[in-house]
Structures are given as structure tokens and as C-alpha cells.
Amino acid sequence: MSQNWKIETKAVQGTYSPKNSETRVVPIYQSTTYKYDTSEQVAKLFDLEAEGHMYTRISNPTIAEFEEKMSLLEGGAGAMATSSGQAATALAILNICGAGQHIVAASTIYGGTFSLLSNTLKKIGIEISFVNPDAEPEEIKGLFRPETKALFAETIGNPGLNVLDFEKFSTIAKEMDVPLIIDNTFATPYLCTPLRHGANIVIHSASKYIDGHAISVGGVIVDGGNYNWNNGKYPDLTEPDPSYHGVKYVERFKEQAYIVKCRVQLLRDFGSTMSPFNAFLSHLGLETLHVRMDRHCENALKLAQYLEQHPKVNWVSYPGLPSHPSYALISKYLPKGCSGVLTFGIKGGLEAGIRFIDHVKLTALVVHVADVRTCVLHPASTTHRQLTEEQQVTSGVTPDLVRVSVGIENIEDIIADFEQALDHC
Ligand SMILES: *Cc1c(COP(=O)(O)O)cnc(C)c1O
């Protein structure tokens, strides 16, 4: 039934259907452990022959509700929650890529992901090639090697807010026969469902719009179930796994092979598990995702339009403005809105940026985006201050750049706050 609902109904109701006199709301199963009647039942769990919860590091009923709702919203075959968005990205890659192998990634991705790929994964022997997502297909394809295992990009890049050309990227992934992994954090499944545009794996930082209130760090990986792993390139999915009595994931778990393997090998071994309490909060966040996202999008567009005509503002970047390079793609990929993050530059550069940040009142200075409260960050004086000016510019951070995460307060109050802070610049 839930598969046919519209996305708003899926977000509220999910797949949870309590039986007579059970809790109406998904409860928090704050238990590490599960009780069994016989040792045979536990043996079957260990051999992956029976379904059930064994230990909360690997699965838990509250976490499972969050996972099922995410899979439903993204249109996937299954999902696995993680302790953070960073853990989701790391495990999504490590599940199919190891030492001596290689991935191709868009260069416009989130800073934390850039660092994970270019430092930490590199240290364990995974090679990365970054590419400008605007490059011609031939240039992108030229970076692929026989040992390339995945193509990675974001629906909306950060801080450029470039919208991914899914048609181009999914065509390249198909031609090179690797899965397309998409970080859909900024768009959320309400604004964009990458699996419908040719992606195979979708990841999220649940710490952003999914939770939506800046109260819990988490992540999730959704398996599209739409990639054929039986092409000789992914033996870990098709050959026997000695750590589970020789199970072959594709043969046994079919379209859920990737996500089952990720859980039973990587969550088991790395233990980057979401807590049941955070799963409860993330699941609660999803119940209002569609209502919040509509308001985030509406407010962000109005603020972007206001800033664009302000005499003290040099430039504004928001995909919903016709002046943004991605504007032509939004009717195809973000028809409901372009999410709540925008950037702008104030005349007077670094000093003006600092003065603006120091004078906002309703708006808060925080190192976060995507919650109900409007917040700002001036990367040149904070997150990117250790970089030289040249390095800042290559990473897309100009000295005047202010990043805004537009909340769901009344837009007139948000604009009035920006107006009075700009008066000080
Ligand atoms: C925040 C963020 C992440 C990392 O998520 P955490 O939950 O902070 O670990 C990954 N990708 C994007 C696009 C993000 O905004």
C-alpha cells in the first residue's frame, strides 16, 4: 500500500503499521540485546538464514523503521543507517572499493567528503580522481581505469550550489559500468530522488534536513537495487564470503545484495551504528520533511531575490535565480524548489563579511546548515581561514562569501534582520 502513496503520505506514515493496541508512534527500542528461545534460532541469524535482530550494532527495530522510511522515500530496495553522514559516505565506498582500486568524484563536493576521499581513503590505498562536473563526458570518461569501482557526486554541490546533470553522469556510469553514488543531503528525497535519474546508491547526512532541527548527527545509505553486480568487477558481492559460511550476496539477497553486505560486514566490523534514540529523532524529522522543505525553498528564493537587488551585495548564488549557471537544470531535477542554502558576496570583501556576521541578530553564526533556524557562516574567517587566499578561491570560497542556511521563520523577519546587518557593512 505505502508504495503507491504520494511522497507526503510516505513521509508521515512510512511503513510502520502497529497491530492492535501497539504504540501508534514508532517506539525507541533502547536495547543492545534481543532474547531467543533456542540456540538454533541464533545460529540461523549468524548464518544469515533467518531475519531478526541479533545485536544493535548490526540492527535494531527503531533504526529499522527509519531505514525503511528512507528507502520508501528514495524508492530504494533497502537502506542502512549510520552514526553520521561521513560514516555513510565512507561505508558506501568501502563496501565496493578497496586498496589498489579507484573512484572518480565530482570536485564540487562537501569539504568533509573531499577530505575523506583525498586523505583518509587515499592512506588506505584507494585512489581518487576529482573532476569538474561541468567537464565534457569524454574528459570524465578519460579518468576511468580498469580498477575504477564507482562514480560519486552530489545532487546540489557545496558551496557552488551547482545542480548535477544526472543524465550526463548516469550515462557515463552506465557506459563505464560502475555504480553512480549520489550524496542527496541538500535536496532530500522530497525535492529530488536520484534513483529515478539513474543513480544506484544514495547517501545522506541525516544531521541536516532529515532531522531538520539540528539535534542529532546521523547518516543513511539507500541501495537502489538497480545495479547488476554480476559483471565480474565486484567479486565480494558475487563470490562466497568466508566470514558467513560462504554466503554469496547477490545470489542470496538479490537486489538487496549491496546493502545487506554493507550491514553484515561493515557495520559489524566498523560499528559506526546510529543510536536508537537518534533513529527516533531522524524518523520524527521525516514526518514533517515535506512541510519544512516547501518553506525552506520559498524563504530561500525570497531572500535570494531580496539580496540580488540590494546595493551593498555584489553577487548572489542560488540555483532558483535565473542568474545561476544551474538554472536550466532545475525544472528537470528540482521542480519543487532548490532547497534552503544560498551564498552571497558583500561589497567590501573580508571586512564587510565579518561585520555582517557580527551584526545579525535573529540569524545565528553556526557551523551547520539545514535546520529550521536561519544561520550564516563566513568561511574565509572561520572554516577556511587556514587556507591561503589562492587555496580559498580554488575551493570556491571568495573572501566576501557568506553562506546562508535559510530557516522556516517568517521571511519578513529574516529579511529585516539581513537589512539591519547590511546597514553596518
Ligand atoms: C554535513 C554533510 C555531510 C557529512 O555529514 P555528517 O552527518 O556531518 O557527518 C556529507 N555531505 C553533505 C552534503 C553534508 O552537508
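Me: What makes the approach between the ligand and Q86 a polar contact?

Reply: A polar contact is a pair of N or O atoms within 3.5 Å; within protein, one must be able to donate a hydrogen and the other to accept it, and residues adjacent in sequence count only if both atoms are side-chain atoms. Here an oxygen atom of the ligand lies 2.9 Å from a polar backbone atom of Q86, so the pair falls within the 3.5 Å limit. Bear in mind that this is a predicted model, where local features need pLDDT of at least 70, side-chain atom pairs count only at pLDDT 80 or more, and totals for chains, interfaces and linings use all residues. Residues are numbered from 1 along each chain as its sequence is written, and side-chain values use heavy atoms, with hydrogens and water left out.

Me: Which side chains have an N or O atom that pairs with an oxygen atom of the ligand?

Reply: S205 does, at 2.8 Å, and K208 does, at 2.7 Å.

Me: How do you know which residues surround the ligand?

Reply: A residue is near a molecule if one of its heavy atoms lies within 4 Å of it. The residues around the ligand include S84, G85, Q86, Y110, E154 and D183, and also among them are T185, F186, S205, S207, K208 and G218.

Me: Q86 turns up in a helix too. Why are α4 and α5 called oblique to each other?

Reply: Angles under 35 degrees count as roughly parallel, over 145 as roughly antiparallel, 65 to 115 as roughly perpendicular and the rest as oblique. Helix α4 (residues 85–94) and helix α5 (residues 111–123) pack at an angle of about 45°, with axes 10 Å apart. That angle belongs to the rest, and the pair is therefore oblique.

Me: How do you know which residues of α4 and α5 meet?

Reply: Contact means heavy atoms within 4.5 Å. In α4, the residues Q86, T89, A90, I93 and L94 meet G112, T113, L116, L117 and L121 of α5. By class, this contact has six nonpolar, four polar and no charged residues.

Me: What makes a residue nonpolar, charged or polar?

Reply: Ala, Val, Leu, Ile, Met, Phe, Trp, Tyr, Cys and Pro count as nonpolar, Asp, Glu, Lys and Arg as charged, and the others, Gly among them, as polar.

Me: Which residues does α4 use to touch α11?

Reply: The axes of α4 and helix α11 (residues 257–270) come within 10 Å and cross at roughly 115°. L91, A92 and L94 of α4 touch Y258, C262, L266, L267 and F270 of α11. Eight residues of this contact are nonpolar, with no polar and no charged ones.

Notes: Axes fitted to C-alpha atoms, helices over the stretch in contact; angles between N-to-C directions. Helix = DSSP H or I, 4+ residues; strand = E, 2+ residues; numbered from the N terminus.
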